[in-house]
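Let's take a walk through this structure together, one neighbourhood at a time. Please have the model open and ready to rotate.

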Amino acid sequence: LGIQLTIFAALIGAVGVAAGLALSGTMQNFASGVLILLLKPFKVTDNIIAQGQEGTVTSIQLFFTIVTTFDNRKVIIPNSKLSNEVIINVSAIGSRRLDIELKFKYGVDMDVVKKVIDETIANSISILKTPEKRVGISLLEESGYKVLINVWLQSHGFNDAKLEFQEKLLHNLKDSGIVLPGMPAKQ
């Protein structure tokens, strides 16, 4: 045909390299999607934290995964990011620990504080019985002491249960006459 084969081969090679580079991310997402579907580090309905986003996995596709955040945003994450980065699956175990640290002045009786906390935990239906709760002094400072509370909640509904428990705890402490720093004393 009169076309020099070296120029034609160079053009075909250049197009092939350009196409390969353009598709490398797509192929990486595809391979990662296959790995996610086979190895199942998370499943649909799991709550995960990945790429700075926390939410519920609503769909796992070959090229991307869809996560719906708790404030109802739809986040599409390329599967290559999920297979090469850290993923925190907060619902895989079924329970999560809630840690609360409260500060009290030394004039506040620790036994009364502990009694109010224990009663609040016992009366909360969202607190799991096992693993055991932990309540104790976590730190002694010049101006007072800190009490650490560790309780376990179901993974699904964790945030709602956390808000409910903290509100009940605050009300019960106030009703018992216990003053938290920054809170005005009961008159």
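Tyr145 makes a good starting point: in this predicted model, Tyr145 is buried, with a relative accessible area of 3%. Its ring partner Phe104 is buried as well, at 0% relative accessibility. The two ring centres lie 5.8 Å apart and the planes meet at 35°, so the pair is described as tilted. Follow the chain and you will see that this pair bridges distant parts of it: Phe104 belongs to strand β6 (residues 95-104), Tyr145 belongs to strand β8 (residues 145-154), and 41 residues separate them. Tyr106 joins in too, as ring pairs link Phe104, Tyr106 and Tyr145 into a cluster.

Stay with Phe104 for a moment, since this residue leads into the interior. Which residues have the most contacts inside the largest nonpolar core? They are Phe104, Val113, Ile117, Ile121, Val147, Ile149 and Leu173, in a core of 24 residues. Two or more residues of this core come from each of β6, α3 (110-122), β8 and α4 (158-175).

Val147 is a rewarding residue to zoom in on. You will find Val147 in strand β8, and its relative accessibility of 0% makes it buried. Setting aside residues up to four places away in sequence, its contacts include Ile100, Leu102 and Phe104, and also Met110, Val113 and Ile117. Val135, Gly136, Ile137 and Ser138 touch Val147 too, as does Glu101. With Phe104 in particular, the C-alpha atoms are 7.8 Å apart, although the two positions lie 43 residues apart along the chain.

Before leaving this part of the chain, look for Arg96 and Phe158. Arg96 lies over the face of the Phe158 ring, at 4.0 Å from the ring centre.

Now turn to Ser126, which sits in the loop between α3 and β7 (134-140). Is Ser126 buried or exposed? At 17% relative accessibility it counts as buried, because the cut-off for that class is under 20%. Its side chain makes a polar contact of 3.1 Å with the side chain of Ser124. Beyond its neighbours within four places in sequence, Ser126 touches Trp152, Leu153 and Ala161.

Next comes a second core, separate from the one around Val147; this one has 10 residues, among them Phe42, Ile48, Val67 and Ile77. Val67 will also bring us to the strands. Val67 has Val75 in β4 as its bridge partner, and β3 and β4 pair in the antiparallel sense over five bridges. These two strands form a hairpin with four residues between them, where Asn72 takes a positive phi near 70°.

Step back to see the sheet that holds these strands. It is an open sheet of five strands, in the order β4-β3-β2-β1-β5, with antiparallel pairing. Which strands stand at the edges? They are β4 (74-78) and β5 (88-89); each has a single partner strand, so one side of each is left without a neighbour in the sheet.

Moving inward, β2 and β3 run antiparallel and are joined by five bridges. One position to pick out is Gly55, which stands opposite Thr69 in β3. The hairpin of β2 and β3 has three residues between the strands.

Ser59 lies in strand β2 and is buried, with a relative accessible area of 15%. A polar contact of 2.5 Å joins its side chain to that of Gln61. Leaving aside neighbours within four places in sequence, Ser59 is in contact with Val44, Thr65 and Ile66.

Our last stop returns to aromatic rings, which form three pairs in the model. One of them brings together Phe30 and Phe63, with ring centres 5.7 Å apart and planes at 40°, so this pair is tilted. It connects helix α1 (residues 5-39), which holds Phe30, with the loop between β2 (53-60) and β3 (64-69), which holds Phe63; the two residues are 33 apart in the chain. How accessible is each partner? Phe30 is partly exposed, with a relative accessible area of 31%, and Phe63 is also partly exposed, at 35%. Compare that with Phe104, buried at 0%, and Tyr145, buried at 3%, and you are back where the tour began.

Conventions
Residues are numbered from 1 along each chain as its sequence is written. This is a predicted model: local features need pLDDT of at least 70, side-chain atom pairs count only at pLDDT 80 or more; totals for chains, interfaces and linings use all residues. Side-chain values use heavy atoms; hydrogens and water are left out. Rings of Phe, Tyr and Trp (its six-membered ring) pair if their centres lie within 6.5 Å; planes under 30 degrees apart count as stacked, over 60 as edge-to-face and the rest as tilted. Buried means under 20% relative accessible area, exposed over 50%, partly exposed in between (1.4 Å probe, protein chains only). A charge sits over a ring if NZ of Lys or CZ of Arg is within 6 Å of the ring centre and within 35 degrees of the ring normal. A nonpolar core is a set of buried Ala, Val, Leu, Ile, Met, Phe, Trp, Tyr and Cys residues joined through side-chain atoms within 4.5 Å. Contact means heavy atoms within 4.5 Å. A polar contact is a pair of N or O atoms within 3.5 Å; within protein, one must be able to donate a hydrogen and the other to accept it, and residues adjacent in sequence count only if both atoms are side-chain atoms. Two strands pair if DSSP finds at least two bridges between them.
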